[in-house]
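Open your viewer and get ready to make a few selections. We will go stop by stop, with something to look at each time.

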Amino acid sequence: MCSHIRFLSTTIIATGLVVTLALTATAQDPHGHGADVEVAIEGGELVLSTDIVEAEFGSAFPALGMNQFDDPGFLAEKEPPLGEPSVPDGAIFGFDVGLIDFSGTQRSLWFWDGTGAPSFGMAPHELEIADPPSAQSIQIDGSAAATGFFFAQSDDQPGQDELFDDHLVFSLVDNAGNDVAAPTAGIYLVKTTHKAELNGNAFAGSPELYWVAAVGVDEVVHEEAVDFVSEQFGLGIPEPTTAVLGLLASMGLCAVRRRS
């Protein structure tokens, strides 16, 4: 058996890496572009599938300007195999904006220009967070936390797996709320805290989500910012998949047998 594993090891490893990368990008990588944040109520507590996401201004749809992004969004689905709703029917989901502490200084919006080592300071623009379908929005200048709003509601319909799939629009604006046509290049950092309630009764939990949003910088700088923020605040790191762990265990067992 081990000889067969040795013979196929290169193919298996290559295939495994491709599959692992695909799974990571869609399910496990908390930084994946286009991977919505999954929302659920577990044991009466609100939980999110990750605590940090990457975003890129101007990268989603032509309708959005260079100062805007709306991806990732927030997704709630029915859970297999019985199709139970991950968020109770009728429950509403929303956010507030929290403070981020760097070396004793607290701000709700931070900025790094992408040069040298990551070093965050005051942002050159303000940030609007909006839900166009409900015409709700807030604007922050970074000096304080802010109260947000509820923007998604669980709708348990027969034959449909999605309970909700909603995207907020983040826009860099001036202090009068006008779009910034040519935003200053760099990394913008904001943290949302999330909330849910049903019939006026709040669920436990207020999970945090760090948004590391880039404009006008390359992917290396973006990833460096994500890594820096993750390390600073002890945020999520993808774990190896079960398939990869099983493959490594099998190869390790064969190695032991060859030595014995």
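Select lysine 195 and aspartate 96 and show their side chains: they meet in a salt bridge at 3.0 Å, N to O. A salt bridge here is a side-chain nitrogen of Lys or Arg within 4 Å of a carboxyl oxygen of Asp or Glu. Lysine 195 sits in strand β17 and aspartate 96 in strand β7 (residues 92-98), so this pair ties together parts that are 99 residues apart in sequence. Lysine 195 is partly exposed, with 23% relative accessible area. On this scale, buried means under 20% relative accessible area, exposed over 50%, and partly exposed in between (1.4 Å probe, protein chains only).

A word on what you have loaded: it is a predicted model, in which local features need pLDDT of at least 70 and side-chain atom pairs count only at pLDDT 80 or more, while totals for chains, interfaces and linings use all residues. Residues are numbered from 1 along each chain as its sequence is written, and side-chain values use heavy atoms, with hydrogens and water left out.

**Two further salt bridges**

How many salt bridges does the structure hold? There are 3. For another of them, stay on β17 and pick lysine 191, which pairs with glutamate 208, the closest N and O atoms being 3.3 Å apart. Since lysine 191 lies in strand β17 and glutamate 208 in strand β19, the pair ties together parts that are 17 residues apart in sequence. Is lysine 191 buried or exposed? Lysine 191 is buried, at 7% relative accessible area, whereas glutamate 208 counts as partly exposed at 36%.

Now move to aspartate 156 and lysine 78, a salt bridge whose closest N and O atoms are 3.0 Å apart. Aspartate 156 is in the loop between β14 (146-153) and β15 (162-166), and lysine 78 is in strand β5 (residues 74-79), so the pair ties together parts that are 78 residues apart in sequence. Aspartate 156 is partly exposed at 27% relative accessible area; lysine 78 is buried at 16%.

**Helix α2**

Next, select residues 219-233 and show them as a cartoon: this is helix α2. Its 15 residues should span 21 Å at 1.5 Å a residue, and its end C-alpha atoms are 21 Å apart, which agrees. The expected span is 1.5 Å times one less than the number of residues.

At the start of α2, look for aspartate 218: a side-chain oxygen there reaches to within 3.2 Å of the backbone nitrogen of valine 220. At the other end, α2 is followed by glycine 234, whose phi is positive, near 60°.

Which residues of α2 are buried? Colour Val221, His222, Ala225, Val226, Phe228, Val229 and Ser230. An α-helix has 3.6 residues a turn, so residues three or four places apart point the same way. To see what the buried residues of α2 pack against, add β3 (52-56), β8 (100-102), β10 (109-112), β17 (186-198) and β19 (208-215).

**The nonpolar cores**

Show side chains for Val39, Phe74, Phe93 and Leu127, the residues with the most contacts inside the largest nonpolar core, which has 40 residues. Such a core is a set of buried Ala, Val, Leu, Ile, Met, Phe, Trp, Tyr and Cys residues joined through side-chain atoms within 4.5 Å. Apart from it lies another core, of 17 residues, including Ile187, Leu189, Ala214 and Val226.

Go back to valine 39 for a close-up. Leaving aside neighbours within four places in sequence, valine 39 is in contact (heavy atoms within 4.5 Å) with residues including Leu46, Leu48, Phe74, Phe93 and Phe164.

**Backbone stops in the loops**

Centre on proline 72, in the loop between β4 (68-69) and β5. The peptide bond from aspartate 71 to proline 72 is cis, with omega near 10°.

Then visit serine 103, in the loop between β8 and β9 (105-107). Phi of serine 103 is near 55°, a positive value in a residue other than glycine, and serine 103 counts as exposed at 81% relative accessibility.

Alanine 135, in the loop between β12 (126-131) and β13 (136-140), also has a positive phi, of about 60°, although it is not a glycine. At 71% relative accessibility, alanine 135 counts as exposed.

**Zooming out**

Finally, show the whole chain, with its 3 helices and 19 strands. These are DSSP runs numbered from the N terminus: helices are H or I of at least four residues, and strands are E of at least two. Buried residues make up 42% of the 260 residues in the chain.

Technical notes: A polar contact is a pair of N or O atoms within 3.5 Å; within protein, one must be able to donate a hydrogen and the other to accept it, and residues adjacent in sequence count only if both atoms are side-chain atoms.
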